[in-house]
Amino acid sequence: MDYAGFFEQQLGSLRDEGRYRVFADLARHQGQFPKAARYKPDGSVSDVTVWCSNDYLGMGQNPDVIAAMTAAIKQCGAGAGGTRNISGTNHHHVELERELADLHGKEAALIFTSGYVSNWASLGTLASKLPGCAVFSDADNHASMIEGIRHSKAERHIWKHNDPEDLDRLLSQVDPDRPKLVAFESVYSMDGDISPIAEICDVAEKHNALTYLDEVHAVGMYGPRGGGVAEREGIMDRLDVIEGTLGKAFGVMGGYITASTQLCDFVRSFASGFIFTTALPPAVAAGAISSIRHLKQSDTERLKQREMVAALRTGLDKAGIPHMPNDSHIVPVMVGDAVKCKWISDWLLDNAGIYVQPINYPTVPKGTERLRFTPTPLHSQADIEHLVSALNELWSQCALARAVA
């Protein structure tokens, strides 16, 4: 087989479809976010404004977080030195798990190297080890959840997105004595819609099913202490597992689950994705602790972020730029064409100093390609005006449909 030829043919197909992904070579500078330096292929450097970061609240720039990480490096050194089981459990890890359990009102927590790994390892372990388990997965669940469920080889059922009635219908078809696991998200990252958590819990409780809620795009962002949508709605106690990330609103990296002591210990003891990987660096854990503690008592960042989201949506409405309505912090601007979406993204970066990554298949269905904007508390009104002006010009150049007021 001509391996090189095969690889090139496949990559060429991605380029032709406008789906080939190019990394922007950026350098974030402390205290200047959302501004960054862009390193171009020709060796030149230019300033850009980042509009698609998952550092939703700018906590990666928070002085207390940086100070905590710096102090931990000086205290502990750079790395963890091993897996959690073999010399890698640092006191900062233990403190972080306590902080996370408190955040979600659970008995225990377990941290992982990323949100992807926490979903893959936890769902895969629970679904494979519970005897005869049937998993019920929302149709729009993240790839990490899907891969964990697939890896488990458990029987799986896909229920219509955010549709408790369809979930009830599918659960009713399974032996009531079988173990059942319902997996879903609170905020869906590409459309920005929010799930009816209470109604889903009603259905799961009716059928004696475990509930697994992914709050990665909600932790830090919602609730009086940043515990997520379930905290905002006062129903964290109804979820068996709440999964989250440290790499978005908390501004560092890593993933976690919170649940009962027994469930967390079960995953800790059986999940290969936890057992056989090096622990997070202590400095990362220390930074996460500082960020979580700050957002537990500060609403300033959340309120300013919501103000910027509202300002961007108002500007887009005035310019007739179509964006998907939702109740979250995510602003998807709809293009509907992969090639045009990529061209707009490239033009914004090269000509306006605006960095937003095109979102296309397989992340979203074909024909729903979009630019996904995530305003932060650190964006300014001037940033918003510059962005809307550039989009307004491009919408005319590309002959794209305007939204009707």
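Met1, Tyr3, Phe6 and Phe7 make a nonpolar patch of about 510 Å² on the surface of this predicted model. Methionine 1 sits in the segment before helix H1 (3-16). With a relative accessible area of 70%, methionine 1 is exposed, because anything over 50% counts that way.

Next come the strands that follow along the chain. Strand S1 (residues 26-28) runs antiparallel to strand S2 (residues 35-39), and three bridges join them. If you want a register marker, leucine 26 has arginine 38 of S2 as its bridge partner. S1 and S2 form a hairpin with six residues between the strands, and glycine 31 in that turn has a positive phi of about 85 degrees. The loop between S1 and S2 also holds proline 34, which is joined to phenylalanine 33 by a cis peptide bond with omega of about 15 degrees.

S2 then pairs with strand S3 (residues 45-50), again antiparallel, over five bridges. Here arginine 38 turns up again, with serine 46 in S3 as its bridge partner. The S2 and S3 hairpin has five residues between its strands, and glycine 43 takes a positive phi near 95 degrees there.

Now for the seven-stranded sheet. It's open, with mixed pairing, and the order is S4-S10-S9-S8-S7-S5-S6. Strand S4 (108-112) and strand S6 (155-159) each have a single partner strand, so one side of each is left without a neighbour in the sheet. On average, neighbouring strands of this sheet are turned by 20 degrees against each other, direction ignored.

Inside that order, strand S9 (residues 241-245) and strand S10 (residues 255-259) are an antiparallel pair with four bridges. Isoleucine 242 has threonine 258 in S10 as its bridge partner. Helix H4 (residues 91-103) lies across S4 and S10, and it runs at about 125 degrees to S4.

Further along is strand S14 (residues 370-373), which is covered on both faces. Arg370 and Arg372 are buried on one side, and Leu371 and Phe373 are buried on the other. Strand S11 (residues 331-334) pairs with S14 in the antiparallel sense over four bridges, and strand S13 (residues 358-359) does so over two bridges. Leucine 371 is a handy reference point: valine 333 stands opposite it, and proline 358 has it as a bridge partner. The loop between S13 and S14 contains proline 362, and a cis peptide bond with omega of about 10 degrees joins tyrosine 361 to proline 362.

Finally, if you're checking backbone torsions, here are two residues other than glycine that have a positive phi.

| Residue | Phi | Location | Relative accessible area |
|---|---|---|---|
| Lysine 153 | about 65 degrees | loop between helix H6 (143-152) and S6 | 74% |
| Asparagine 208 | near 55 degrees | loop between helix H8 (197-206) and strand S8 (210-214) | 65% |

Are these two buried or exposed? Lysine 153 counts as exposed at 74%, and asparagine 208 is exposed at 65%.

Definitions and conventions
Residues are numbered from 1 along each chain as its sequence is written. This is a predicted model: local features need pLDDT of at least 70, side-chain atom pairs count only at pLDDT 80 or more; totals for chains, interfaces and linings use all residues. Side-chain values use heavy atoms; hydrogens and water are left out. Buried means under 20% relative accessible area, exposed over 50%, partly exposed in between (1.4 Å probe, protein chains only). Two strands pair if DSSP finds at least two bridges between them. Axes are lines fitted to C-alpha atoms, for helices over the stretch in contact, and angles run from 0 to 180 degrees between N-to-C directions. Contact means heavy atoms within 4.5 Å. Patches are made of residues with over 30% relative accessible area and no salt bridge: like charges are joined within 9 Å, nonpolar side chains (Val, Leu, Ile, Met, Phe, Trp, Tyr) within 5 Å. Accessible areas come from the Shrake-Rupley method with a 1.4 Å probe; for residues, only the protein chains shown count as cover. A salt bridge is a side-chain nitrogen of Lys or Arg within 4 Å of a carboxyl oxygen of Asp or Glu.
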